[in-house]
Amino acid sequence: MTPFLLFQALLLLGLIITAILVVAFKDLLFSAIAFAAFSLLLALEFYLLQAPDVAIAEAGIGAGLTTAILIIAIRGTKRLEEKE
Amino acid sequence: MNMTKIVRTTADVLYPFCLVFGLYIVAHGHLSPGGGFQGGSVMATGVALLIVSRSYTAILQRIRKEALKLCEAIGLLMFLVAALSGLYIGGSFLHNWLAGAGGLFGTPVAFGPNPGTFNTAGVVPILNLAVGLEVLGGLAVILLYMLSGLRENTP
């Protein structure tokens with residue numbers, strides 16, 4: 001297995017782990033930050049798949065603006081769910 | 001309500017770097033990956049850093065909403081004028097009448113395989129700049145209006 005394929009396999013594993021973390025976190029702010037990390041790894045994957053244009057758009061929109069929008073939305077609500 | 005001083009200072013430090021890098025992506029849009037939309041979204045990320053770290057009343061003292069709206073309007077007008085000038089001069093919509101004409105953005109491209117230089121693409125850099133301004137203004141105004149809906153005493 002070449003180092004490139006190994007790196008890409010690790011990247012895909014990181015994508016799956018961050019995607020699970022987005023759903024698993026109870027705190028919504030942690031979830032938003034995990035979504036930003038997911039977006040950043042996805043941008044790196046786009047770059048490795050020879051699509052640098054899409055990678056820049058994904059890094060700008062996904063990792064930057066979506067996180068800002070989510071954080072503003074979280075600031076308007078309560079961060080933690082009420083305990084039953 | 002404002003976030004902590006650490007967040008605010010980090011946003012202040014990173015803000016000009018985001019703007020300059022976005023402008024770099026916009027300006028080299030005809031040579032390298034990226035272009036108007038990508039560079040504009042990077043610039044809007046810099047503005048979003050400032051917007052997230054402060055409350056609505058504090059952010060209005062730092063950036064002006066009218067300036068962002070003006071940015072968006074100027075971008076749209078620039079695109080339309082650059083495209084319609086091609087219709088008037090060259091005979092078709094978006095005709096690249098500046099390319100190869102000399103002067104600003106009009107240097108002829110050298111013969112043979114080469115990556116091109118900054119001054120060669122004619123109308124395309126102007127269109128890129130217009131789209132960059134448009135995207136920066138639009139996304140920043142969206143974030144500002146989202147923030148304006150929050151109550152002032154929310155944590």
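A residue is termed buried if 20 or more other C-beta atoms lie within 10 Å of its own, exposed if 12 or fewer do, and partly exposed in between, with C-beta atoms placed from the backbone. The structure is a predicted model, in which local features need pLDDT of at least 70, side-chain atom pairs count only at pLDDT 80 or more, and totals for chains, interfaces and linings use all residues. Residues are numbered from 1 along each chain as its sequence is written, while chains are lettered from A and ligands numbered from 1 in the order in which they are written.

Of the 84 residues of chain A, 20% count as buried. Chain A contains three helices and zero strands, where helices (H or I, at least four residues) and strands (E, at least two) are DSSP runs numbered from the N terminus. The C-alpha trace of chain A spans about 50 × 25 × 10 Å along its principal axes.

In chain B, helix H1 (residues 5–27) is interrupted by a kink of about 30° at Leu14(B), shortly before the proline Pro16(B), the bend being the angle between axes fitted to the seven residues ending at a position and the seven starting there. Cys18(B), Gly22(B), Ile25(B) and Val26(B) are buried in H1(B), and the buried residues of this helix pack against helix H3 (52–75) of chain A as well as helix H2 (36–53) and helix H5 (124–148) of chain B, contact requiring C-beta atoms, placed from the backbone, within 7 Å. Leu80(B), by contrast, lies in helix H4 (residues 65–89) of chain B and counts as exposed because it has 11 C-beta neighbours inside 10 Å.

Methods:
Two residues are in contact if their C-beta atoms, placed from the backbone, lie within 7 Å.
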